[in-house]
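I opened the notebook to look up a few side chains and what packs around them. My entries follow in the order I made them.

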Amino acid sequence: MTGTAAPFAADDYRARMERAARSAAEAGLAGLLVAPGPDLVWLTGYAPTAATERLTLLVLAPGQDPVLVVPALEAPDAAKAVGASALTLRDWTDGKDPYAVTAPLLDTGGRFGISDNAWAMHLLGLQKALPGTSYASLTEALPMLRAVKDRAELELLAAAGAAADAAFEEIRKLPFGGRRESEVAADLADLLRRFGHSQVDFTIVASGPNGANPHHEVGDRVIERGDMVVLDFGGLKDGYGSDTSRTVHVGEPTAEERRVHDLVRAAQEAGFHAVRPGAACQEVDRAARAVIADAGYGEYFIHRTGHGIGVTTHEPPYMIEGEEQPLVPGMCFSVEPGVYLPGRFGVRIEDIVTVTESGGRRLNDTTREMVIVD
């Protein structure tokens with residue numbers, strides 16, 4: 001995470017903390033313990049400039065005012081966070097035991113949800129101070145905590161998607177053939193920043209046989225005429241994520257390349273049309289996967305169909321077989337089927353989609369047709 005926070009007011013953060021505490025109680029938890037990271041940013045607007053070995057922890061519990069335990073030397077910065085007026089700061093100084101400061105805030109026999117990215121030394125310190133407590137990761141205990149976005153969040157996600165679209169429209173005008181993947185990736189990163197991203201999380205440029213690896217690490221391979229090139233890129237703009245994929249071709253494609261691209265496009269369309277309130281997440285995966293399987297390429301679609309997005313570019317919910325979580329208006333996630341032919345090429349097409357009252361709405365609008373580049 002960066003220090004960039006979305007433009008929300010203290011009352012927004014207060015409402016989020018109250019909702020999180022209620023959700024914890026409904027899940028049978030004594031409270032939530034939130035370490036620096038995306039959950040803390042979403043709940044308070046506070047992003048420490050560097051997460052260190054010093055304990056920083058937001059304590060949320062039903063019927064209890066929120067408390068943020070912070071190192072004394074970082075308390076002035078924490079007090080400047082927009083959500084700080086909706087909580088109590090409790091600082092501790094070097095040489096003191098931060099767990100002794102935190103322990104009185106917790107039910108001595110309670111079970112707590114704790115941030116997935118909390119340091120192990122901090123969790124072990126809490127367990128030592130309060131041996132009667134137990135813990136569950138937030139993703140396990142409250143996977144939908146940030147999943148349903150409000151109107152302001154949807155506007156920010158739409159703006160991030162539009163910025164990523166603008167980056168694609170520009171990159172397709174640039175030469176690909178004869179250049180290294182790393183050079184095109186650098187151009188993509190520059191374009192994302194030009195269109196307002198403060199953080200670039202990934203710029204996958206996977207050419208030719210590299211396209212068969214969904215998470216190819218950009219390298220120095222020279223892109224050749226006749227290559228299919230998978231572009232997958234995104235990051236954070238005003239605190240909210242973008243993530244889109246398009247597959248372009250350097251020069252004219254073969255009939256097979258067109259056929260596979262059209263197949264993935266049809267699968268992406270099927271996944272999108274499966275989005276509706278009340279449908280299980282796995283139905284989106286099934287709809288997209290069925291198109292590819294029916295065409296005989298099922299074994300080459302090797303990842304889930306989608307993931308949630310918000311203050312991070314990957315978060316719940318996940319569009320995958322076995323996920324029965326029903327879709328709810330305001331959820332945002334990717335729909336990104338792909339076909340990956342080892343040693344040859346790959347194709348992926350990805351949009352961010354939000355659930356509406358009657359179906360789904362794409363937050364990416366660039367063409368899904370085959371794009372020919374130089």
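**Entry: V82.** I looked for V82 first and found it in the loop between helix 3 and strand 4, which covers 88-92. The model is predicted, so I read every value here as computed. Is V82 buried, partly exposed or exposed? Its relative accessibility is 42%, so I noted it as partly exposed; buried would need under 20%, and exposed over 50%. Next I listed its contacts beyond four places in sequence. They are F8, A9, A10, Y13 and T44. I also checked the C-alpha distance from V82 to P131. The two are 49 residues apart along the chain and 34 Å apart in space.

**Entry: rings and charges.** F8 and Y13, both on the contact list of V82, came up again when I looked at rings. Together with Y240 they form a cluster linked by ring pairs. My count of aromatic pairs came to four. I then looked for charges over rings. R16 lies over the face of F8, 4.3 Å from the ring centre. R362 does likewise with F272: its charged end sits 4.0 Å from the centre of that ring.

**Entry: the largest nonpolar core.** I counted 34 residues in this core. Which of them touch the most other members? I wrote down M17, L32, L43, L58, L60, L68 and Y240. Y240 thus turns up both here and in the ring cluster. I then asked which elements give two or more residues to the core. The helices are helix 1 (10-26), helix 2 (38-44), helix 3 (75-79) and helix 7 (151-171). The strands are strand 1 (31-34), strand 2 (57-61) and strand 3 (64-71). Helix 1 gives the largest share, four residues.

**Entry: L43.** I picked L43 from the core for a contact list. Leaving out residues up to four places away in sequence, L43 touches Y13, R16, M17, A20, V34, L58 and L60. R16 is the residue I had noted over the face of F8.

**Entry: another core.** Apart from the largest core I found another one, of 19 residues. Its members include A164, V229, L231 and V250.

**Entry: T203.** My last lookup was T203, in strand 7 (residues 199-207). Is T203 buried or exposed? I filed it as buried, because its relative accessibility is 16%, and the cut-off is under 20%. Beyond four places in sequence, T203 is in contact with A185, L188, A189, L192, V218, D232 and F233.

Key: Residues numbered from 1 in each chain as written. Predicted model: local features only at pLDDT ≥ 70, side-chain atom pairs only at ≥ 80, totals over all residues. Heavy atoms only, no water. Core = buried A, V, L, I, M, F, W, Y, C linked by side-chain atoms within 4.5 Å. Buried < 20%, exposed > 50% of the residue type's maximum accessible area, 1.4 Å probe, protein only. Contact = heavy atoms within 4.5 Å. Phe/Tyr/Trp six-rings, centres within 6.5 Å; stacked < 30°, edge-to-face > 60°. Lys NZ or Arg CZ within 6 Å of the ring centre and 35° of its normal.
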